[in-house]
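Trainee: I would like a close look at a single part of this model, please. Take me through the strands of one chain and how they fit together.

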Amino acid sequence: MTADTEKAAAPETPAAGPQAIKAVPVRHYGRYLTAVIAIGLLASIVYAFGQGKINWHAVPDYFFDDRILTGVGKTLLLTVLSMVIGIVGGIVLAVMRLSKNPVTSSIAWFYIWFFRGTPVLVQLFVWFNLGLVFQYINLGPIYKDYWSSFMTPLLTALLGLGLNEAAYMAEICRAGLLAVDEGQTEASHALGMSHAKTLRRIVIPQAMRVIVPPTGNEVINMLKTTSLVAAVQFQELFRYAQDIGQNSGAPVEMYFLAAAWYLIMTSILSVGQYYVERYYARGSSRQLPATPWQKVRAHLGSFSSRKVAV
Amino acid sequence: MTEKLSGARAVAPRDPSVPMVKSEGVHKSFGPVEVLQGIDLEVKAGEVFCLIGPSGSGKSTFLRCINHLEKINAGRLYVDGELVGYRQKGDRLYELKDSEVALKRRDIGMVFQRFNLFPHLTAAENVMEAPVQVKGVSKAQARERATQLLERVGLADKAGNYPSQLSGGQQQRVAIARALAMDPKLMLFDEPTSALDPELVGDVLDVMRDLAESGMTMVVVTHEMGFAREVGDSLVFMDGGVVVESGHPREVLTDPQHERTKAFLSKVL
C-alpha cells in the first residue's frame with residue numbers, strides 16, 4: 001500500500017530532491033536592541049567593579065593561602081558529614097512517616113514540623129548553648145564530661161546542620177518512596193520477599209531516581225549554608241577568609257575570594273550530580289544520555305570521518 | 001519443548017486427594033463494598049482453573065486472596081491443605097507473622113496484568129532476584145537457571161535487556177519466568193494478556209499452554225475464552241462476588257445454564 005504511493009510519487013519529484021526554499025528572513029530588530037542594552041549594562045557593572053577601591057591583587061595573592069585551603073577542606077568535610085547525617089536521618093524519618101504505627105509517624109511528623117519551621121541559625125545557637133540545660137553529659141561508664149567541653153564547635157555545627165537537613169531530606173525521601181508504583185511492592189511480596197528486602201532491593205533503588213536531583217540541590221545548599229557556622233566558632237572557609245581580611249586590610253577582597261571558592265566547589269558538585277543521576281536512570285529510559293565526554297568523542301569522530309569523506 | 005517448563009523441581013510427595021486451593025464461604029469487603037460474598041470452590045492439583053466474569057465481579061480480588069495480598073473477612077481459604085494467612089489452634093485463629101506469610105508465598109507464583117517487572121533490573125536479574133534474595137541460591141546458579149527459564153519462554157537473547165526495552169508480550173513472558181524461578185507449586189495469573197496488543201497475546205498464551213502441559217496447577221483470571229476452552233480443566237463464572245456457574249470449560253462456554261452467564265458470553269464470544 002505505502003509502497004504503491006511511493007512509486008506513484010517518485011517520478012514527479014526531480015532527481016536532485018525538492019528545491020530548498022530561499023527566502024529573505026524576518027529581521028528581529030527588537031532582539032538586536034535588547035542584546036545591545038544587556039551587553040551595555042553588563043559592561044558598565046564590570047567597569048564599576050574595576051574602578052572601585054578594590055585591591056583585586058589581594059585575591060590571587062591569598063587564593064591558595066594555607067588558611068584558605070584548610071578552610072576549603074573543613075567546609076567540604078562539614079558538608080559531607082552533615083549531608084550523611086541528613087540523608088540517613090531523612091531516610092529513617094521518611095520510613096517512620098510512612099509506617100502504619102501512629103506513634104512513630106507522629107514523632108516523625110513533629111520532628112519535621114519543628115526543624116523545618118525554625119531557622120537553622122537559631123538552631124545552631126541553641127545547640128551551642130544547651131549547656132544551660134545540661135551541665136554535664138553522662139553516658140555512664142563510657143563517657144562523662146562538662147557539656148561545654150563536650151559540645152565542640154564541630155559537633156555543634158554537625159548537629160545543627162545535619163538534624164535540620166534530615167527534616168528536608170525526609171520529605172524528599174518520602175516523595176521518592178511514594179513515587180514507586182505499588183505493583184512493585186506487590187510483585188516483590190508475591191515472590192516471598194520480606195518488607196525490609198522489598199524496601200532495600202526494589203523500592204529504594206527506584207525511588208533514588210526521584211530523590212537524587214533534589215538531593216543534589218540540597219548538597220549545594222548545604223555547602224553554602226556551612227558559612228553560617230562561623231557564628232558558633234567553627235573555623236571554615238568563610239571564617240578564615242574573614243580573619244585574613246581583617247589582618248591583611250583587604251576584608252571585601254576576601255569575600256570575593258570566598259565567593260570564588262564556593263562557586264568552584266558547587267560547580268564540581270553539579271558535575272558529580274549529573275553522573276549520579278545518570279547511574280540511577282538505568283532501566284528507566286531506553287538509552288542512557290551520553291556523557292559530555294562521550295559527546296566530545298562522538299564529535300571528534302564525526303570530524304575525522306568528514307575528513308575521510310573529503 | 002520436551003523438557004517441561006517447571007524444570008528440575010524435586011516434587012515433594014503430596015497427597016493427591018488434597019485440593020491445591022480450597023475456598024469455603026470466602027468474604028471480602030473494601031469498606032462498605034462487599035466484593036466477595038461467599039466463594040466456595042476447589043482447585044485440584046495439576047489442573048488449569050479458569051475464572052471468568054465481568055469486571056468488578058471479584059475474580060481478581062479472589063485471586064489476590066489466595067496468596068494473601070488481600071486479607072479475607074470471613075470464611076476459610078486453604079492452599080495445599082494449609083490455611084492462608086492464619087494458624088488454627090483449637091477453634092482459635094492466630095494471624096501469621098509477615099515472615100511466615102512470606103514463606104508461604106514462595107510456593108505461589110503470581111503473574112500480574114501490568115507485568116510489574118522491576119524496571120531497574122535486567123530481564124535476567126528480574127528472574128534471579130527472588131531465588132538469590134529469598135532462597136539464598138548462589139548468583140552463578142541463579143543466573144544459569146534464569147538463562148534456562150528465559151530460553152523456555154523464548155527470550156534467551158533478551159537476558160541483558162531492561163524491561164523498558166521489551167515489548168509488553170516479552171515483559172509478560174519474563175514475568176512468568178520470574179515466577180517460575182521460585183519453583184512454585186501453584187501459579188496465579190491475573191488477566192495476564194489484558195494489557196497486551198492483540199498480536200502479542202499469542203506468545204504469552206503459548207507459554208501458559210506449555211506450562212499447563214507440564215502439569216503445573218494454574219488459576220487463571222482471563223478474558224481469553226479460546227484459551228479457557230482449549231487448555232482449561234475447570235471454569236467458574238463469577239458475577240457480583242458470587243460463583244454463578246461452574247463446570248468443564250467446554251460445557252459452560254457452549255451450553256451455559258444460567259441467564260447471567262448466557263448474557264455475558266453472548267457479549268464476549
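Mentor: What follows starts with the strands of chain B and then turns briefly to chain A.

Please keep in mind that this is a predicted model, in which local features need pLDDT of at least 70 and side-chain atom pairs count only at pLDDT 80 or more, while totals for chains, interfaces and linings use all residues. Residues are numbered from 1 along each chain as its sequence is written, chains are lettered from A and ligands numbered from 1 in the order in which they are written, and side-chain values use heavy atoms, with hydrogens and water left out.

Let us begin with an open sheet of four strands in chain B, antiparallel in its pairing, whose order is β2-β1-β4-β5. Strands here are DSSP runs of E with at least two residues, helices are runs of H or I with at least four, and both are numbered from the N terminus. Two strands count as paired if DSSP finds at least two bridges between them. At the edges sit β2 (33–43) and β5 (82–83) of chain B, each of which pairs on one side only.

Helix α1 (residues 59–66) of chain B packs on this sheet, where it touches β1 (21–30), β2 and β4 of chain B, and its direction makes about 65° with that of β2(B). Contact means heavy atoms within 4.5 Å. For the angle, axes are lines fitted to C-alpha atoms, for helices over the stretch in contact, and angles run from 0 to 180 degrees between N-to-C directions.

Now follow the pairings one by one. β1(B) and β2(B) run antiparallel and are joined by eight bridges; one position to find is B:V21, which stands opposite B:V43 in β2(B). These two strands make a hairpin with two residues between them, and B:G31 in its turn has a positive phi of about 60°. β1(B) is also joined to β4(B), again antiparallel, by five bridges. There B:V21 turns up once more, with B:V79 in β4(B) as its bridge partner. Strand β4 (residues 74–79) of chain B continues the sheet, with two bridges to β5(B) in the antiparallel sense. In that pair, B:Y78 has B:L83 as its bridge partner. The loop between β4 and β5 of chain B holds B:D80, which has a positive phi of about 55° although it is not a glycine.

Next, look at strand β11 (residues 234–239) of chain B. Six of its six residues are buried, so β11(B) is largely enclosed by the rest of the structure. Buried means under 20% relative accessible area, exposed over 50% and partly exposed in between, with a 1.4 Å probe and protein chains only. In a regular strand, side chains alternate between the two faces of the sheet. Here B:S234, B:V236 and B:M238 point one way, and B:L235, B:F237 and B:D239 the other.

β11(B) has a parallel partner in strand β3 (residues 48–52) of chain B, with four bridges, and B:I52 stands opposite B:F237. It also pairs with strand β12 (residues 242–247) of chain B, antiparallel over five bridges, where B:L235 has B:G247 as its bridge partner. β11(B) and β12(B) form a hairpin with two residues between them, and B:G240 in the turn has a positive phi of about 60°.

Helix α2 (residues 98–105) of chain B leads us across to chain A. Its residues B:V101, B:A102 and B:R105 are buried. Seen down the axis of α2(B), its buried residues fall within an arc of 100°, so they line one face of the helix; the arc is that of the directions from the helix axis to the C-beta atoms. They pack against α9 (182–190) of chain A together with β8 (108–111) of chain B.

As for chain A, there are 13 helices and two strands in it, and buried residues make up 32% of its 310 residues. The loop between α10 (195–225) and α11 (237–248) of chain A contains A:Q233, which has a positive phi of about 70° although it is not a glycine. A:Q233 is partly exposed, with a relative accessible area of 42%.
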